[in-house]
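Take a moment with the sequence and the 3D view. Then follow the chain from its overall plan down to single side chains.

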Amino acid sequence: MSATAGQAQSERSLAERLGLKAGQVVQEIGYDDDVDEELRGSVEAVTGSELVDEDYEDVVDIVLLWWRDEDGDLFEGLTDAMFPLTAGGNIWLLTPKAGRDGHVEPSEIGEAAQTAGLSQTSSISAAKEWSGTRLVAPKVRK
């Protein structure tokens, strides 16, 4: 296997752990100089397109929300992140891992998510310094 093929496999596995697929539109909110560039590159490699920013004015399939403790009210951040989501879309809340600057306590995530009407479906190690929490809106019964 070439180094390039190995790198591509590594990139795919990061984004695939988030359940991302080719063709999805992914919006990134909360970008700063501390985000994980490998994860960002992986998302772009798997989806086949660049991440869209906070000013994107159409619907998106996934929101990557980079959030640090000092970023303000998490409930408000989650509420804002839900606005552009298409039906069936989800939010990946990316927070610094425990022991790192900006860490957000899981209890705070759970409370803010529940208040915003979101359900936490999984948590993963999304990157070296970042944890990922998948949040979804409940399905509406017809």
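What follows is a short walk through this structure, from the whole to the details.

The model is predicted. Begin with the overall plan. The secondary structure amounts to four helices and five strands. Along the sequence they come in the order α-β-α-β-α-β-α-β-β. The protein has 142 residues, and 40% of them are buried. Its exposed area is about 8100 Å². Carbon and sulfur atoms supply 48% of that area. Now consider contacts between residues at least 6 apart in sequence. Of these, 73% join residues at least 24 apart.

Next come the charged pairs. Side chains of opposite charge can pair when their charged atoms come close. How many salt bridges does the structure hold? There are five. One of them joins the side chains of Glu28 and Arg40, at 2.7 Å from N to O. This pair links distant parts of the chain. Glu28 sits in strand E1, residues 26-29. Arg40 sits in helix H2, residues 37-47. Twelve residues separate the two. Are they buried or exposed? Both Glu28 and Arg40 are buried. For Arg40 the relative accessible area is 17%, and buried means under 20%, so Arg40 falls on the buried side of the cut-off.

Arg40 has another partner. It also forms a salt bridge with Glu37, where the closest N and O atoms are 3.0 Å apart. Here both residues belong to helix H2. They are three residues apart, about one turn of the helix. Glu37 has a relative accessible area of 44%, so it counts as partly exposed. Put the two bridges together and a network appears: Glu28, Glu37 and Arg40 are linked by salt bridges.

Now turn to another pair. The side chains of Asp34 and Arg68 form a salt bridge of 2.8 Å, N to O. Why does this pair tie together parts that are 34 residues apart in sequence? Because Asp34 lies in the loop between E1 and H2, while Arg68 lies in the loop between strand E2 (60-66) and helix H3 (74-82). The two ends are not covered alike. Asp34 is partly exposed, at 34% relative accessibility. Arg68 is buried, at 4%.

Move on to strand E2, where Ile62 has its place. Ile62 is buried, with a relative accessible area of 3%. What does Ile62 touch, once residues up to four places away in sequence are set aside? Its contacts are Leu20, Gln24, Val25, Val26, Gln27, Leu85, Asn90 and Trp92. Ile62 can also be placed relative to Met82, 20 residues away along the chain. Their C-alpha atoms are separated by 9.5 Å.

Val59 lies in the loop between H2 and E2. Val59 is partly exposed, with a relative accessible area of 47%. Beyond its neighbours within four places in sequence, Val59 is in contact with Val25, Pro84 and Thr86. Val25 is also among the residues that Ile62 touches. From Val59 to Gln27 the C-alpha distance is 9.1 Å, across 32 residues of sequence.

Further along, find Val104 in the loop between strand E3 (85-96) and H4. Is Val104 buried or exposed? Val104 is buried, at 1% relative accessibility. Leave out the neighbours within four places in sequence, and Val104 is in contact with Trp67, Arg68, Asp69, Leu74, Thr95, Pro96 and Ile109. Arg68 is familiar as the salt-bridge partner of Asp34. Val104 and Ser131 are 27 residues apart in sequence, with 9.8 Å between their C-alpha atoms.

Finish on the surface. Which residues gather in a patch of negative charge? They are Asp69, Glu70, Asp73, Glu76, Asp80, Asp101, Glu105, Glu108 and Glu111. H3 and helix H4 (106-115) are the elements that give two or more residues to this patch. Take Asp80 as one of its members. Asp80 lies in helix H3. With a relative accessible area of 56%, Asp80 is exposed. Asp69 also belongs to the patch, and Asp69 is one of the residues in contact with the buried Val104.

Notes. Residues are numbered from 1 along each chain as its sequence is written. This is a predicted model: local features need pLDDT of at least 70, side-chain atom pairs count only at pLDDT 80 or more; totals for chains, interfaces and linings use all residues. Side-chain values use heavy atoms; hydrogens and water are left out. A salt bridge is a side-chain nitrogen of Lys or Arg within 4 Å of a carboxyl oxygen of Asp or Glu. Buried means under 20% relative accessible area, exposed over 50%, partly exposed in between (1.4 Å probe, protein chains only). Contact means heavy atoms within 4.5 Å. Patches are made of residues with over 30% relative accessible area and no salt bridge: like charges are joined within 9 Å, nonpolar side chains (Val, Leu, Ile, Met, Phe, Trp, Tyr) within 5 Å. Accessible areas come from the Shrake-Rupley method with a 1.4 Å probe; for residues, only the protein chains shown count as cover. Lys and Arg count as positive and Asp and Glu as negative; His and the chain ends are not counted. The place of a charge is taken as NZ of Lys, CZ of Arg, CG of Asp or CD of Glu.
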